Every structure is written in structure tokens, then in C-alpha cells.
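Biologist: Could you take me through this structure slowly, as you would with someone in a first year of study?

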Amino acid sequence: MTATVSMGLCARCAHRRDVPTRRAVFVMCRLGLDDPAFPRYPRLPVTACAGFAPEGAP
Ligand code: SF4
């Protein structure tokens, strides 16, 4: 899936995982798998997030 602006921060976040279904592609936050402070499926667009980590950052 192509990251879009409508995702907000998740579009550029290393913790995002795209979950394709037949009807849509859902955005899953991998931080949410282990940390209840983060929703597993965040409400988009995410405009502020303490876990945001830019994709491709060293
Ligand atoms: S850490 Fe925040 S910005 Fe990154 S995928 Fe999860 S909810 Fe989105």
C-alpha cells in the first residue's frame, strides 16, 4: 500500500504495518502488540504520537 497523508504520522512511521484485507488495508501499530499505551489499530489520521519513529532513520 502506498502511504498517504490521510494516515498522518503513521504514513512515515517505522512501527506501522499494513494489514491488507479484501476490502481495505488497515494500519496496525506494532508498538500496540506489546504496549497497551498504543492502540493496535490507531484511529487515523494520527497527528501526535509518542512512539513515532521516522521510517528509514538510522
Ligand atoms: S507508533 Fe504512532 S505513528 Fe507509529 S505506527 Fe504506531 S500509532 Fe502510528
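**Questions about the fold**

Modeller: Around the ligand, the shell is made of 10 nonpolar, two polar and one charged residues. Please keep in mind throughout that this is a predicted model.

Biologist: Which residues come nearest to the ligand?

Modeller: There are 13 residues around the ligand, and a few of them are singled out as coming nearest. The nearest ones are Cys10, Cys13, Cys29, Cys49 and Gly51.

Biologist: Is Cys13 buried or exposed?

Modeller: Cys13 lies in the segment before strand 1, and apart from residues up to four places away in sequence it touches Phe52, Ala53 and Glu55. A residue counts as buried if 20 or more other C-beta atoms lie within 10 Å of its own. Because Cys13 has 23 other C-beta atoms within 10 Å, the answer is buried.

Biologist: How many Å separate the C-alpha atoms of Cys13 and Pro54?

Modeller: Along the chain, Cys13 and Pro54 are 41 residues apart. In space, however, the separation of their C-alpha atoms is 4.8 Å.

Biologist: Is Ala57 buried or exposed?

Modeller: Ala57 is placed in the segment after strand 2, and it is 44 residues from Cys13 in sequence, with 9.7 Å between the two C-alpha atoms. The cut-off for an exposed residue is 12 or fewer other C-beta atoms within 10 Å. Since Ala57 has 7 C-beta neighbours inside 10 Å, it counts as exposed.

Biologist: In which direction do strand 1 and strand 2 run relative to each other?

Modeller: The secondary structure of the chain comes to zero helices and two strands, and these two strands form a hairpin with four residues between them. Strand 1 covers residues 16-20 and is joined to strand 2 by five bridges. The direction of the pair is antiparallel.

Biologist: Which residue is the bridge partner of Arg17 in strand 2?

Modeller: Another bridge of this pair puts Asp18 opposite Val27 in strand 2. For Arg17, the partner is 11 residues away in sequence, with 5.1 Å from C-alpha to C-alpha. That partner is Met28.

Biologist: How many other C-beta atoms lie within 10 Å of Met28, the residue that is partly exposed?

Modeller: Met28 lies in strand 2, and, leaving aside residues up to four places away in sequence, it touches Arg17, Val19, Arg40 and Tyr41. A partly exposed residue falls between the limit of 12 or fewer for exposed and that of 20 or more for buried. Met28 is partly exposed because its count of other C-beta atoms within 10 Å is 17.

Biologist: Which two residues are joined by a cis peptide bond?

Modeller: One partner in this bond is Pro45, which lies in the segment after strand 2. The omega angle of the bond is about -5 degrees. The two residues joined by it are Leu44 and Pro45.

Biologist: What radius of gyration does the chain have, and what would a compact globule have?

Modeller: The C-alpha atoms fill a box of roughly 30 × 25 × 20 Å along the principal axes, and 12% of the 58 residues count as buried. Among contacts with a separation of 6 or more, residues 24 or more positions apart account for 41%. With 58 residues, a compact globule would have a radius of gyration near 10 Å, so the value for the chain agrees with that expectation, being 11 Å.

Notes: Residues are numbered from 1 along each chain as its sequence is written. This is a predicted model: local features need pLDDT of at least 70, side-chain atom pairs count only at pLDDT 80 or more; totals for chains, interfaces and linings use all residues. A residue is near a molecule or strand if its C-beta atom, placed from the backbone, lies within 6 Å of it. Ala, Val, Leu, Ile, Met, Phe, Trp, Tyr, Cys and Pro count as nonpolar, Asp, Glu, Lys and Arg as charged, and the others, Gly among them, as polar. The radius of gyration is taken over C-alpha atoms; the globule rule is 2.2 Å times the number of residues to the power 0.38. Two residues are in contact if their C-beta atoms, placed from the backbone, lie within 7 Å. Two strands pair if DSSP finds at least two bridges between them.
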